[in-house]
Amino acid sequence: MQPLLKNNPLADILTKVEAGERLSREDGIRLMESNDILMLGYMADMVRKSKHGDRVYFIVNKHINHTNICKARCKLCAFGKDADDPGAYLMTLDEVEAKAKECQGKRISELHIVGGLHPDLNLEYFEEMLQRVSRVLPGVHIQAFTAVEIDYFAETSGLTPKEVLQRLQDAGLGSMPGGGAEIFSSRVRNLICEKKISGDRWLEIMEAAHSLGMRTNATMLYGHVETTEERIDHLIKLRELQDRTGGFLTFIPLAFHPRNTQLEELNLSRTTGYEDLKVLAVARLMLDNFDHIKAYWVMIGPKLAQVSLAFGANDLDGTVIEERITHAAGGDTGQSLTKSEMVKMIKGAGRVPIERDTLYNIVEEGF
Ligand code: V47
């Protein structure tokens, strides 16, 4: 250890990181409470480099949000609406298919489909959606439906989540995104999303997906009413499930955007740059069994996302054409980035850009 690092209050944690030892809950709390951003970055970057060298991944993808009508109406969310609210919408299957057709010939490798908990849609609607999209875009991976939606389909169809997932897998579902995890603590869920499934149910549905061989992502929404301990407990629950199944592909911290949400009344401001980098770095250090940590540029902005490549992140998500959820809550980044912009960001950080598919197979390299 360099002498400068030896006297650092986090030196004992650095020793563990260097030895590849698992960090404890207490270590996680100390890391999250530290403002020594360079020390956090030093450790997180060491771990990232040992897993990925200079490679940084991105994907050419498009988001489709088929409806914003939602029974849950979580306080954290500015996207969901009641059916009779101005701006409420539901796409017909023809409209979803037309959106998918717009991607033909564009070398898109993933469609990301999530929506609200619409009271009138049945499982057959979603099966047909997947079948139609797969027909129009053969070979394009469909990553769709959060654990919250899967729970709702189970409730409306009378099937178990595993049976629902099996049916959707047969209809073309490739993997699940990581949304809806928020913070697992029931104290927090009661304050920000009281009608949403519990943290344990979210984990149970992810475990069911993994048991079918389906890969999923994981997220954590931070920067609202959660405590440091609740953040670390969230990460540890993800780490424990990953130990059991190995089914998580990527972890994505999501920075809370308060505008237009019912939490606006708490006068919460947007997360700071330090906080965004810290959460990414601590996630990299605590989630020792996750390969990929994604900096979602839509939430933290492309410039900070680029900097985060030195703080543990190895993935920048993708082109994300037509993002709506963050933008409804005051997100002020553009709605998409081009492939050449992604390549420029990665090269500008001295790294090697790799275009990937959802499962991290290489689509293109040598940019
Ligand atoms: O579940 C909702 C979050 C999620 C707000 O898996 C908000 O690759 C901030 O999960 N401020 C949906 N966040 C998005 C999501 C996602 C995005 C990109 C990639 C992947 C992936 C997953 O967005 C929701 C919720 O946690 N969210 N409202 C808000 N006001």
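Helices (H or I, at least four residues) and strands (E, at least two) are taken here as DSSP runs, numbered from the N terminus. With that in hand, N260 is easy to place: look in the loop between β7 and α12 (273-286).

A word on what you're looking at. This is a predicted model, where local features need pLDDT of at least 70 and side-chain atom pairs count only at pLDDT 80 or more, while totals for chains, interfaces and linings use all residues. Residues are numbered from 1 along each chain as its sequence is written, and side-chain values use heavy atoms, with hydrogens and water left out.

**Around the ligand**

Let's start with the ligand. There are 24 residues around it, and those that come nearest are G178, G180, E182, H257 and K294; a residue is near a molecule if one of its heavy atoms lies within 4 Å of it. Sorted by class, this shell holds 12 nonpolar, nine polar and three charged residues. In that sorting, Ala, Val, Leu, Ile, Met, Phe, Trp, Tyr, Cys and Pro count as nonpolar, Asp, Glu, Lys and Arg as charged, and the others, Gly among them, as polar.

Oxygen atoms of the ligand have polar contacts (pairs of N or O atoms within 3.5 Å). G178 offers a backbone N or O atom 2.8 Å from a ligand oxygen. For G180, a polar backbone atom is 2.7 Å from an oxygen atom of the ligand. N217 uses its side chain instead, with an N or O atom 3.0 Å from a ligand oxygen. As for cover, the ligand taken alone exposes 610 Å², and the protein buries 96% of that; accessible areas come from the Shrake-Rupley method with a 1.4 Å probe.

The space that the ligand takes is the largest cavity. A cavity, on a 1 Å grid over the protein atoms alone, is a set of points where a 1.4 Å probe fits but cannot get out. A molecule sits in one if more than half of its atoms lie within 2 Å of its grid points. Two elements give two or more residues to the shell around the ligand: β6 (215-222) and β7 (248-255).

**Two positive phi angles**

Most residues other than glycine have a negative phi. F145 has a positive phi of about 65 degrees, although it is not a glycine. You'll find F145 in the loop between β4 (141-144) and α7 (147-157). N260, also not a glycine, has a positive phi near 65 degrees.

Are these two residues buried or exposed? F145 counts as buried because its relative accessible area is 0%, under the 20% limit; exposed means over 50%, and partly exposed is in between (1.4 Å probe, protein chains only). N260, at 48%, is partly exposed.

**A few helix residues**

Here are three more residues, each with a partner and the C-alpha to C-alpha distance between them.

| Residue | Partner | Apart in sequence | Apart in space |
|---|---|---|---|
| H234 | E182 | 52 residues | 8.9 Å |
| L165 | A147 | 18 residues | 10.0 Å |
| V298 | D332 | 34 residues | 8.3 Å |

H234 is part of helix α11 and is buried, since its relative accessibility is 1%. L165 belongs to helix α8 (residues 161-171), and a relative accessible area of 0% makes it buried. V298 sits in helix α13 (residues 297-300), where a relative accessible area of 1% makes it buried too.

Helix α11 (residues 228-245) also holds D243. That residue counts as partly exposed because its relative accessibility is 46%. D243 and T15 are 228 residues apart along the chain, and their C-alpha atoms are separated by 23 Å.

Terms used:
Polar contact = N/O pair within 3.5 Å; in protein donor to acceptor, adjacent residues only side chain to side chain. 1 Å grid on protein atoms, 1.4 Å probe; cavity = no way out; pocket = protein on both sides within 12 Å on 5 of 7 lines; lining within 4 Å.
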